[in-house]
Amino acid sequence: LDAKRCAMVNVTLGHVGRAPTYLHFEKASGWKEIPEYRNMRATLPFLIELPQVQNEFTLTPLQHGSVFALDLGTSKDRKTEIVFARGVSHVTMGLDTLQSTLLEDLLTSFDIIERFLVSPVLDKKQPAGQIFMHTLPPIPQTTDRDLKYVQVLFASAVQQCVAKYGPRVLKLRISKIELKVWIGTSPPTPLRLVASSAMGWEAMAFQEELDPASGCTVSWKNVETQETHNSVQMLRPTVETERSSKRGIARNAGSTYIYDFPALFRISLMKLWLKTCKADQIPQNFFTAKELALEGDELVEKELFGKNTVGMVVWLITMRTPDYPDGRDIVLIGNDLTIKTGTFGTFEDETFQKASALARSKGIPRIYIACNSGARMGAVEELKALVKIAWVDPNDLMKGFEYLYITYADLAKLPEGSVRSHPVTAGAEKRHVLDAIMGLNLPSTRGGIGVECLQGSGLIAGETSRAYEETFTLSYVTGRSIGIGAYLNRLGQRNIQMVQGPMILTGFQALNKLLGQQVYTTQDQLGGPHIMVPNGVTHELVANDQDGVEAVLHWLTYVPENVWSIPRILSPVDPATRKVQFVPSKSPYDPRHMLAGGKVDGVWQAGFCDEGSFKEYMEGWGKTVVVGRGRVGGLPVGIVAVETRAVTRHIPADPADMNSHDIHEPQPGQVWHPDSAYKTAQAIRDFNHGENLPLIIFANWRGFSGGTRDMFAEVLKFGAMIVDALVEYKHPVTIYIPPNGELRGGAWVVLDPKINPDQMEMFADVEARGGILEPAAAAEIVFKGDRHVIEMMHRLDANLQQLDARKAKGEDVAKDTAAREKLLVPMYRQVAGEFMDLHDRSGRMKGLGAIHEELRWADSRTYLHWRIRRRMQESGIVRRMMKLVPEMSFAQGKAAVDDLCQGVASAAGASGEDEAVATWLEGHASEVDARVEQERQRATEEQIYRLIASLPTSRRGDVVRDLVGYSRVADMKGF
């Protein structure tokens with residue numbers, strides 16, 4: 001072999017009735033077998049480039065076949081483990097079949113990896129996954145000019161795969177996909193295509209330069225940048241591989257590494273686009289993320305990607321979305337669980353506060369990815385080796401100790417501010433008794449170890465509360481969120497929780513120590529979904545991080561680009577003119593069918609909202625109320641509706657209380673209970689703050705539950721919160737009593753438009769009712785029991801009139817009269833009820849001015865679309881005026897807008913006025929801007945007049961002359 005200069009021998013062992021065994025022997029290893037290549041055909045290891053992988057990883061074979069190999073790779077430093085799925089294809093792949101073939105191969109690779117990850121041993125390791133495919137036949141009819149086109153095809157295929165199978169990619173922890181193809185030049189040109197999660201699944205293409213003698217690749221040229229890379233740059237572990245140990249830490253916590261979230265956002269955004277257009281119509285650069293880091297007191301753009309030392313990561317993200325194709329910005333803040341277990345130290349707190357303040361200043365959404373361990377706690381590590389104990393009796397330690405101290409010599413080594421102490425002398429030894437350990441200027445206290453972290457927690461708690469009031473805030477709880485982490489979620493109000501992301505104040509182990517027994521076994525018992533969904537802290541529950549990010553982006557489709565804008569009206573897939581088909585019945589029904597549509601007797605009947613647009617939130621809490629967001633003819637709205645069916649509230653038993661047990665409380669429909677009243681107020685506040693949504697309340701309440709239990713449970717307080725929320729609402733509010741619905745007593749009071757006349761309007765369906773009490777109860781009071789009913793009988797019934805005449809003649813007819821009255825009472829009670837019902841109808845409401853208009857359900861969608869759309873435009877213009885003219889009231893601003901649109905409204909007539917005004921305001925921005933500027937100038941002039949009038953008479957002339965002179969100079973200089 002040496003004489004033949006042979007470096008490797010391949011042996012095929014044939015077997016009867018089964019496949020042969022392939023063995024590989026290498027001179028470099030002393031002609032020992034290479035176990036990593038066993039059962040691979042002679043050329044396969046080199047075609048799938050296993051030798052290059054072995055330069056960085058030790059391989060453990062999992063499965064080898066004739067055209068593929070699955071290996072577990074362990075890095076040389078043993079910090080990284082990756083499942084490598086590498087295969088070769090002999091099938092010719094054309095430009096027209098590249099994407100479909102690649103997708104099939106990827107799905108096959110997913111299947112192979114998934115079969116092995118079911119192994120408990122392998123799954124416990126939680127390795128990342130990388131896929132490499134090598135297609136040997138050159139791509140027909142391709143030249144050097146097709147390199148970039150092949151890159152585009154590869155990128156599109158990978159991104160569509162990741163978008164379609166995102167949860168599976170996440171589950172298998174796929175971090176990198178590579179494809180090697182040959183361009184049909186002469187000789188063929190090798191092209192390597194690479195996409196990774198670290199790059200947001202963006203694709204890169206490298207043209208390979210081959211050694212003519214060996215055929216091995218010696219360099220790689222980037223097709224786009226023309227930059228040349230050597231083997232060290234291309235074959236060393238990639239950035240995401242170097243960070244895989246951190247990914248493992250995040251996965252062990254049930255979460256995703258924070259630096260992988262921008263890629264998840266990018267994938268989810270692509271899926272959003274693919275619902276509206278083809279892949280080749282998606283805008284270029286539809287997603288960009290700029291990482292921001294704290295330097296001094298400022299956030300500066302700085303790409304760290306895993307090299308961060310502060311466990312709080314911030315991005316300013318620009319997304320081109322279907323509703324904002326020109327782009328919208330968000331601030332994304334997230335805990336890095338790999339930095340000191342995601343605890344909040346002082347640097348983390350400062351970073352969070354600056355990032356949140358940035359979102360407030362720009363008025364853009366602030367998204368928080370929560371996975372943390374609460375405020376940081378530690379000790380001055382430098383003192384552990386120095387501290388000494390003053391025992392009461394050194395010979396009997398059980399008597400305890402008097403104090404802790406350090407020696408004079410050790411104190412001299414510490415920087416000033418390390419401890420607070422006082423000197424004592426014990427025998428011949430001089431000691432410094434420790435009164436307090438401060439640790440100032442010591443490395444171990446950098447970033448905080450105690451109360452300074454609590455101060456920082458207070459800083460970001462206050463910041464988050466302000467952020468909720470001033471911009472849109474949303475938290476996605478991807479993993480455990482403890483202490484201040486849990487409070488930040490609640491202070492931001494809106495929360496999406498992953499099933500493995502408990503929100504707790506204290507860990508279960510600490511509570512068990514406090515209780516002195518093993519009571520709790522998991523964090524989920526304290527703050528898992530079965531706690532946080534029913535109590536309303538969690539608005540939406542998701543299964544994994546891909547679903548969580550998709551839920552974030554879906555929520556943002558209802559949110560304007562900034563707090564000074566109104567939500568974007570989309571081209572409707574469901575026209576506003578479409579009739580509402582599902583009709584609410586007098587008997588209990590599912591209100592979701594009224595909103596989103598549903599099947600009745602097997603036939604689909606469309607609901608009030610655009611088809612597929614209604615999304616319910618806080619579904620598990622306060623179940624007698626349904627809240628969510630939807631669209632009406634493309635117009636985004638916040639919705640509150642009433643559950644007419646009876647529901648059950650579940651209160652779980654507390655494991656810490658042996659006497660506690662599960663409680664199931666029945667709650668009748670059409671009634672506000674403490675939890676559903678609170679839910680209503682919460683939803684109204686959410687729609688108002690940062691979302692700027694017009695609000696529609698489908699009012700069908702008979703009142704509040706006022707029993708002993710619910711009064712004790714503060715139903716009065718939460719009912720008042722509804723009024724508070726409506727008083728401060730700054731956008732159009734529509735109260736609509738639906739067909740066969742009723743609004744009674746206190747329920748009417750907390751929704752009456754006089755609460756906020758600038759923004760609220762009430763409507764009633766022609767088949768709706770409104771009044772203090774229901775007709776039967778009202779009749780009982782108004783008709784004095786049966787007294788007035790009996791009087792009505794005697795006035796109208798001929799038989800009783802005859803009996804009354806006979807009685808007047810002195811006859812004894814009492815028995816006959818009583819029998820006749822008894823016979824007629826049930827029917828006349830119905831008459832009394834009908835009489836009272838006539839007082840509750842929409843005609844009387846309209847006549848009294850209690851409602852703005854009577855509506856017919858089938859046409860209500862069209863009417864309210866244009867009514868709300870007009871009011872949104874008017875309200876937005878008025879707010880602009882009020883911002884420029886602080887002393888202007890809403891009514892004054894509305895009068896100016898009415899004056900601007902007077903001609904349009906008059907020409908359209910009453911029936912078409914709302915549509916005409918809304919359309920005109922949307923299409924005449926320049927005229928609107930001019931009127932806003934006119935109002936600003938008018939207010940400025942009035943202010944100048946008032947200021948001059950406030951001066952003494954002797955000074956007014958001088959000031960006016962000075963102003964005239966200033967004006968002339970300003971005109972000359974072009975000010």
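Let's start at the largest pocket, where helix H30 provides the largest share of the lining, with eight residues. Keep in mind that what you're looking at is a predicted model. The pocket has a volume of about 890 Å³, and its lining adds up to 31 residues. If you want to find the middle of it, look for Trp 564, Ser 565, Ile 566, Gly 876 and Arg 879, which lie nearest the centre. Besides H30, the elements that give two or more residues to the lining are helix H14 (451-470), helix H32 (902-923) and H33.

Stay with H30 for a moment, since the next stop is a charged pair that involves this helix. Side chains of opposite charge can pair when their charged atoms come close. Here, Arg 861 meets Asp 574 in a salt bridge, with 4.0 Å from N to O. Arg 861 sits in H30, which spans residues 857-884, while Asp 574 belongs to the loop between helix H19 (545-556) and helix H20 (591-596), so this contact ties together parts of the chain that are 287 residues apart in sequence. Are the two partners buried or exposed? Arg 861 is buried, with a relative accessible area of 0%, and Asp 574 counts as buried too, at 9%.

A second pair also links distant stretches. Asp 840 and Arg 744 form a salt bridge at 2.6 Å, N to O. Asp 840 comes from the loop between helix H28 (814-837) and helix H29 (842-848), Arg 744 comes from strand E38 (residues 742-744), and the two are 96 residues apart. Asp 840 is buried at 9% relative accessibility, and Arg 744 is buried at 3%.

Now for a local pair, in helix H33. Arg 931 bridges to Glu 935, and their closest N and O atoms are 3.2 Å apart. Because these residues are four apart in H33 (residues 925-949), about one helical turn separates them. Both of them are buried. Salt bridges can also chain together: shared partners join Glu 761, Arg 867, Arg 870, Arg 871, Glu 874, Lys 894, Asp 898, Glu 913 and Asp 914 into one network. Over the whole structure, the search turns up 68 salt bridges.

What about the cysteines? A disulfide is a covalent bond between the sulfur atoms of two cysteines. How many disulfides does the count give? It comes to zero. Take Cys 371 as a case in point: the closest cysteine sulfur belongs to Cys 453 and is 18 Å away, so the gap is too far for a bond, given that a disulfide needs the sulfur atoms within 2.5 Å. Cys 371 is buried, at 3% relative accessibility. Cys 609 is buried as well, at 1%.

Finally, turn to the surface. Val 387, Ile 389, Trp 391, Leu 397, Met 398, Phe 401 and Leu 404 make a nonpolar patch there of about 660 Å². Which strands supply at least two residues each to this nonpolar patch? They are strand E18 (388-391) and strand E19 (401-407). Leu 404 is one of the patch residues and is found in E19. With 34% relative accessibility, Leu 404 counts as partly exposed, because that class lies between the under 20% of buried residues and the over 50% of exposed ones.

Definitions and conventions: Residues numbered from 1 in each chain as written. Predicted model: local features only at pLDDT ≥ 70, side-chain atom pairs only at ≥ 80, totals over all residues. Heavy atoms only, no water. Patch = residues over 30% accessible without salt bridge, like charges linked within 9 Å, V, L, I, M, F, W, Y side chains within 5 Å. Areas by Shrake-Rupley, 256 points an atom, 1.4 Å probe, with all protein chains shown as cover. Salt bridge = Lys/Arg side-chain N within 4 Å of Asp/Glu carboxyl O. Buried < 20%, exposed > 50% of the residue type's maximum accessible area, 1.4 Å probe, protein only. 1 Å grid on protein atoms, 1.4 Å probe; cavity = no way out; pocket = protein on both sides within 12 Å on 5 of 7 lines; lining within 4 Å. Points joined across faces, edges and corners; volume = space filled by probe spheres on them.
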